[in-house]
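Thanks for making time this morning. I would like to walk slowly through one structure, starting with its open and enclosed spaces and ending with its cysteines.

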Amino acid sequence: MMQKGSSFSLESSVSGYFDDDGRIRRTGTLMSASAHIITAVIGSGVLSLAWCFAQLGWITGTLLLAVFAIITWFTCLLLTDCYRYPDPVTGTRNYSYMQAVKVNLGGFSYKLCGISQYGTQVGATIGYTITSAISMAAIKRSNCFHKHGHNNGCHTLNNSYLLIFASIEIVLSQIPKFHKLTFVSIFATIMSFGYSSIGIALSIAKIAGGAHSKTSLTGVPVGPDMSGMEKMWNIFSAIGDIAFAYSFSLVLLEIQDTLKSSPSENKVMKKASTIGVAVSTLLYTLCGVLGYATFGNDASGNYLTGFGFYEPFWLIDIGNMCVVLHLLGAYQVLIQPFFAFVEDWSHKKWPESRFIEKEYYIGSYSLNLFRLTWRTMYVILVTIVAMIFPFFNSFLGLIGAATYWPLTVYFPIEMYISQAKIQRRCFTWIWLKILSLTCLIVALLAAAGSIRGLAVSVSDFELFHSMS
């Protein structure tokens, strides 16, 4: 018969494996959370910031980077306190962004949040698939230019590279939970530093070599090659690109749900958000400023794949490979919450289904046939869309512009007002509402620019196919 003392000891030992919500104890740290954020924030779009500076100029470009960094950092601090409800330290956990919106703001906001969040995540994975294929094709083109000269077309189709990327993602998509992505995120973060550093180093080398490109305080001037209307649309698009570059709020609470409960999750997540935004802003500023100084008003959308540089070809190849490896990890960081949503819904809908519920263990790895089947089908469908709509990246700009305001600004502010019980028409309530309204106006302008950019991309795509 077990004695009372040993029973208590066993109970304490077992409870040591679980958190206060009965789930297996979380092991996330400040380092892992910071890595997740940097992986989610920094995309290959960092290499397009030189183009943004070319449209906005030195003054507005630098100012907007700082403004969006501060706004994103501030709203993320508000959002971290919504992980638990009603108390940010001792309240009940919200496992996802949508769940936090539901308990704080109700059903309609919950549905709007779901459409915004999952639409962005699905759209981003399509965009990542296209961008990775372009980077892989750029490696082949770089070698071709080195061998045959810069005047050679060196054209190559992207479909085979889309299939390579999809094959790897099918394997990575079998990682069962967000909590298991720490190594993937750390590796992806290293890769993002890799290609950003290569872009920065190549820019410095070209400037040191005597490159003098035309820049200005206000960007590309209006003239024979640029109408006033064209300039306005490009400015709107550039604003949208910079705003979307800071959008990681949609996975912030899922990242926070990986953290150990001591010290408190909101305290650690505030530090991780500060680190993530600071590091991202530093890289964005260096890439944008140095890229613009190097290429001036002729800066391309991506100076690794757009061949702003041709030599050293091997370094450009390494940079593009780093982009691919980073996006392999970023794809998973962004889409795991959507995977979890579909699988949780399926578990509740068909709780008796062995196909959905049964777990098969191969050593320490858990295999589920439903997870294997549906996630594989998801990656295949995303790849098919990427093949059919190679101009989808323009559409992604529209998605980013449309969802930046609700996910990064509106919901965090409204949840903070609700949870902190801020009185209507008091000073804090008024300035938070003004901030939200200002960001809405900016998002609408960016969306207008993205719609126009999408129309131009579709027109160019149709013209290309009609001529070929």
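Before I describe any lining, let me fix the classes: Ala, Val, Leu, Ile, Met, Phe, Trp, Tyr, Cys and Pro count as nonpolar, Asp, Glu, Lys and Arg count as charged, and the others, Gly among them, count as polar. Please keep in mind that this is a predicted model, in which local features need pLDDT of at least 70 and side-chain atom pairs count only at pLDDT 80 or more, while totals for chains, interfaces and linings use all residues. Residues are numbered from 1 along each chain as its sequence is written, and side-chain values use heavy atoms, with hydrogens and water left out.

Now to the spaces. Rolling a probe the size of a water molecule over the atoms shows where empty space is left. The search uses a 1 Å grid over the protein atoms alone: a cavity is a set of points where a 1.4 Å probe fits but cannot get out, a pocket is an open set with protein on both sides within 12 Å along at least five of seven lines, and lining residues have an atom within 4 Å of a point. Grid points are joined across faces, edges and corners, and a volume is the space filled by probe spheres set on the points.

The second largest pocket has a volume of about 1,500 Å³. Of its 41 lining residues, those closest to the centre are Arg23, Lys177, His179, Ala340 and Asp344. Helix 11 gives the largest share of this lining, nine residues, where helices (H or I, at least four residues) and strands (E, at least two) are DSSP runs numbered from the N terminus. How do the residues of that lining divide by class? There are 15 nonpolar, 13 polar and 13 charged residues.

As for enclosed space, the whole structure holds two cavities of 30 Å³ or more. The largest cavity has a volume of about 50 Å³, and helix 8 (228-245), helix 14 (392-419) and helix 15 (427-467) each supply at least two residues of its lining. That lining has ten nonpolar, two polar and no charged residues. The second largest cavity, at about 40 Å³, takes five lining residues from helix 14, which gives the most, and its lining divides into five nonpolar, six polar and no charged residues. Phe244 is listed in the lining of the largest cavity, and Phe244 also appears in the lining of the second largest cavity.

Let me turn to the cysteines. The structure holds one disulfide, meaning a pair of cysteine sulfur atoms within 2.5 Å. Cys144 and Cys154 form that disulfide, with their sulfur atoms 2.0 Å apart. Cys144 lies in helix 5 (residues 107-148) and Cys154 in the loop between helix 5 and helix 6 (159-172), so the pair ties together parts that are ten residues apart in sequence. Cys144 counts as buried at 19% relative accessibility, and Cys154 is buried at 8%; buried means under 20% relative accessible area, exposed over 50%, and partly exposed in between, with a 1.4 Å probe and protein chains only.

Why is Cys52 not bonded to Cys287? The sulfur of Cys52 is 12 Å from the closest cysteine sulfur, in Cys287, which is too far for a bond. Likewise, the sulfur of Cys426 is 17 Å from the closest cysteine sulfur, in Cys82, again too far for a bond. Cys52 is buried, with a relative accessible area of 0%, whereas Cys426 is partly exposed, at 26%.
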